[in-house]
Amino acid sequence: MSNVCKQIVLCFVFFTFSLSSYSLLAQEKKKAFEVSTGNFDQFLLRYKFGNEKYRYRISAFSLNTNSYKYNEVEDFHNHLNAGLGFGIEFQKQINENLSFYYGPELRGTFRNKEYYSVSLLGILGLAYHFNETIRLGAEINPGISYYDSSDESQSIEKSFQFNFSNSGAALVLGFDF
């Protein structure tokens with residue numbers, strides 16, 4: 001990862017954790033654990049902590065699977081991605097059971113020495129609360145990403161992407177405690 005990317009990551013983490021940390025001590029603390037899936041082939045674990053107005057998010061990537069056909073031969077891949085995401089989400093209660101949340105998140109994903117990406121994402125989500133503990137939601141993450149990958153044949157691909165599509169849409173099952 002280049003020095004510029006490292007500096008961006010460090011500045012963002014410092015900014016998000018210092019943004020409103022003084023008010024976290026004055027309000028009731030809330031924590032949550034989430035399992036998220038995008039397209040049912042990508043899974044993410046997330047821990048949240050904060051208060052009723054905002055929560056910090058720490059995301060860890062676990063498993064990514066994909067399959068495709070090339071020349072009538074189906075190819076199936078499992079990838080174990082290491083990665084972290086740090087963000088802050090601001091919450092707005094719509095009614096007793098429905099809430100909306102939004103904010104920024106910085107994510108980095110790494111797989112072997114062949115692939116990494118750094119993304120600055122927006123968080124837009126809607127959650128239905130079944131009770132005080134369990135909720136189900138949907139979230140999209142539009143943003144800007146930088147990808148760097150190479151393969152066995154030493155072909156190298158570097159690219160920037162901006163996306164606002166439903167490919168980043170995820171179902172989120174959350175447990176508040």
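How many bridges join β5 to β6, and in which sense do the two strands run? Ten bridges join them, and the strands run antiparallel. I begin with this pair, and I shall return to it after an overview. Please bear in mind throughout that the model is a predicted one.

Let me first set out the overall arrangement. The protein contains two helices and eleven strands. Along the sequence, both helices precede the strands, in the pattern α-α-β-β-β-β-β-β-β-β-β-β-β. The protein has 177 residues, of which 37% are buried.

I turn now to the strand pairings, beginning with β1, which covers residues 30-38. Strand β1 has an antiparallel partner in β2, residues 42-50, and nine bridges connect the two. Within that pairing, Lys-31 has Phe-49 of β2 as its bridge partner. Strand β1 also runs antiparallel to β11, residues 170-176, with six bridges between them. Here the bridge partner of Glu-34 is Gly-174 in β11. Strand β1 is thus joined both to β2 and to β11.

Let us return to β5, which spans residues 82-93. Strands β5 and β6 make a hairpin, with four residues between them. Across this pairing, Phe-90 stands opposite Tyr-102 of β6; both of these residues will reappear when I discuss the aromatic rings.

The next pairing is that of β6, residues 98-111, with β7, residues 115-129. These strands are antiparallel and share 14 bridges. One of the residues involved is Glu-105, whose bridge partner in β7 is Leu-121. Three residues separate the strands in this second hairpin, and in its turn Asn-112 has a positive phi of about 50°.

One glycine of β6 may also be pointed out, namely Gly-108. Is Gly-108 buried or exposed? Its relative accessibility is 10%, so Gly-108 counts as buried, the limit being under 20%. Eleven residues separate Gly-108 from Ser-119 in sequence, and their C-alpha atoms are 6.4 Å apart in space.

Strand β7 has further partners. A hairpin of four connecting residues leads from β7 to β8. Strand β8 comprises residues 134-140 and is joined to β7 by six bridges in the antiparallel sense. Leu-124, for example, has Ile-140 of β8 as its bridge partner. Strand β9, residues 143-150, is likewise antiparallel to β7, through seven bridges. In that case Ser-117 is matched with Tyr-147 of β9.

I come now to the aromatic residues. The structure holds seven aromatic pairs. What kind of pair do Phe-49 and Tyr-56 form? Their ring centres lie 5.5 Å apart and their planes meet at 40°, so this pair is tilted. The angle falls between the two cut-offs, as planes under 30 degrees apart would count as stacked and those over 60 as edge-to-face. The two residues may also be described by their accessibility. Tyr-56 has a relative accessible area of 2% and is buried, whereas Phe-49 has 21% and is partly exposed.

Phe-49 and Tyr-56 belong to a cluster linked by ring pairs, together with Tyr-47, Tyr-54, Phe-90, Phe-100 and Tyr-102. Phe-90 and Tyr-102, which stand opposite each other across β5 and β6, are therefore both members of this cluster. Beyond the ring pairs, there is a contact between a charge and a ring: the charged end of Lys-48 sits over the ring of Tyr-101, 4.8 Å from the ring centre.

My last topic is the second largest pocket. The space within it amounts to about 550 Å³. Its lining consists of 22 residues, and those closest to the pocket centre are Lys-30, Arg-55, Gln-93, His-129 and Asp-176. What is the class composition of the lining of this pocket? There are twelve charged residues, six polar residues and four nonpolar residues.

Which strand gives the most to this lining? That strand is β5, with four residues. Strands β1, β5, β6 and β7 each supply at least two residues. The pairings described earlier therefore meet this pocket in several places: β5 and β6 are joined by ten bridges, β6 and β7 by 14, and each of these three strands contributes to the lining.

Conventions:
Residues numbered from 1 in each chain as written. Predicted model: local features only at pLDDT ≥ 70, side-chain atom pairs only at ≥ 80, totals over all residues. Heavy atoms only, no water. Pairing = 2+ DSSP bridges. 1 Å grid on protein atoms, 1.4 Å probe; cavity = no way out; pocket = protein on both sides within 12 Å on 5 of 7 lines; lining within 4 Å. Points joined across faces, edges and corners; volume = space filled by probe spheres on them. Nonpolar A, V, L, I, M, F, W, Y, C, P; charged D, E, K, R; others polar. Phe/Tyr/Trp six-rings, centres within 6.5 Å; stacked < 30°, edge-to-face > 60°. Buried < 20%, exposed > 50% of the residue type's maximum accessible area, 1.4 Å probe, protein only. Lys NZ or Arg CZ within 6 Å of the ring centre and 35° of its normal.
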